[in-house]
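Okay, everyone, thanks for coming. I'll put the structure up and walk you through a few spots in it.

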Amino acid sequence: MSLSLTISLFLFFLQNSYANAALPIISVNNTTCQTTCGTIPVKYPFGTGYGCGHPAFSSFISCNHGTLLFSTRTGTYTISSIDYPSNTIMVHDPFMSNCSSMQNSGSFGIDSGSPFRLGKENIFVLLGCSTTSPVFDPKEDLCDTGSGTRVCRGLYSCKGVNGIGLPQHAPINTCCVYDYEANAGLGLDLPKLQCSSYASVYEFVDQGDPMKWKFGISLVYNYSYDTDDCRNCEDSGGLCGFLSLDKSFACICRNGVNTTTNCFGRGYAWSGTTALKVQTMLAIGGLLLSLMLSPFW
């Protein structure tokens, strides 16, 4: 037997020994996890489909044809941006009113027990409300009658107010700057509140010009789900996900192989048991190589 053939056989033995000693490959779901959805970077704990990201977020966040979506009991809304340092997502409701376009809106609510809550910068404005609406009950104090009146005057000065059947500069006695969090029992159920529409302002670029106000719903998410397993997975080039069967952690590798830990070794993961097996095989391999090379010495 030639020296080159002997070494080739030895390397083949080691390669197969490593593969057999490695942890088994696990199947996640029939989902391809991506790092972006359209132009928005998607990072843990979010995912682009079921099995991606953390399971606590999988029923709320999804990617559909390049559009990142946020789903609740009241509907599905487009995510326009994510600010990871502040744990904030910005949601757009297509039926929500703004200065240039007002229309009858649906309701908006966050599911109980979800990892999201409203950002403190949101200012919810109820528009076109009945004068008998419960928000105007003087015993309840549901509307901001101080600085909120300036917000109502600003929105009712918009031409878009015609879309909800009101004339421009209509009296503001049908408008309410509503404290959503303080009145979580009522939520933003417009039929119950007897209002035609709502707007959510999260930034006043120019308080005197409502056309420059920024409209959208700011949501803060709970980021207490960060784990060493996920950090190790990402350090190895993988994406963090979970198994559909029991929601246990899975590291999704870019070559299509998935493991319970990380993607080092082309998708295979090391553990103490595995390392011991490989060390044993290396020792046996070394002895075998010595015996195979002994005729050449």
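Let's start with one residue pair: L127 has S197, over in β10, as its bridge partner. Just so we're clear, this is a predicted model.

That pair brings us to the strands. β8, residues 123-127, and β10, residues 197-203, run antiparallel to each other, with five bridges between them. Zoom out and you get an open sheet of four strands, in the order β9-β8-β10-β11, with antiparallel pairing. The edges are β9 and β11 (214-215), and each has a single partner strand, so one side of each has no neighbour in the sheet.

Now, follow the chain out of β8. In the loop between β8 and α2 (148-156) you hit D141. Its phi is positive, near 55°, and it's not a glycine. As a reminder, most residues other than glycine have a negative phi. Is D141 buried or exposed? Exposed, because its relative accessibility comes out at 63% and the cut-off is over 50%.

D141 also belongs to a surface patch of negative charge, together with D137, E140, D144 and D179. D179 sits in the loop between β9 (176-178) and α3 (190-193), and at 41% relative accessibility D179 is partly exposed.

Two more backbone oddities to look at. H65, in the loop between β3 and β4 (67-72), has a positive phi too, about 55°, and H65 is exposed at 78% relative accessible area. Then there's the peptide bond from Y44 to P45: that one is cis, with omega near 15°. You'll find P45 in the loop between β2 (40-41) and β3 (61-64).

Conventions. Residues numbered from 1 in each chain as written. Predicted model: local features only at pLDDT ≥ 70, side-chain atom pairs only at ≥ 80, totals over all residues. Heavy atoms only, no water. Patch = residues over 30% accessible without salt bridge, like charges linked within 9 Å, V, L, I, M, F, W, Y side chains within 5 Å. Areas by Shrake-Rupley, 256 points an atom, 1.4 Å probe, with all protein chains shown as cover. Salt bridge = Lys/Arg side-chain N within 4 Å of Asp/Glu carboxyl O. Lys, Arg positive; Asp, Glu negative; His and termini not counted. Charge placed at Lys NZ, Arg CZ, Asp CG, Glu CD. Helix = DSSP H or I, 4+ residues; strand = E, 2+ residues; numbered from the N terminus. Buried < 20%, exposed > 50% of the residue type's maximum accessible area, 1.4 Å probe, protein only. Pairing = 2+ DSSP bridges.
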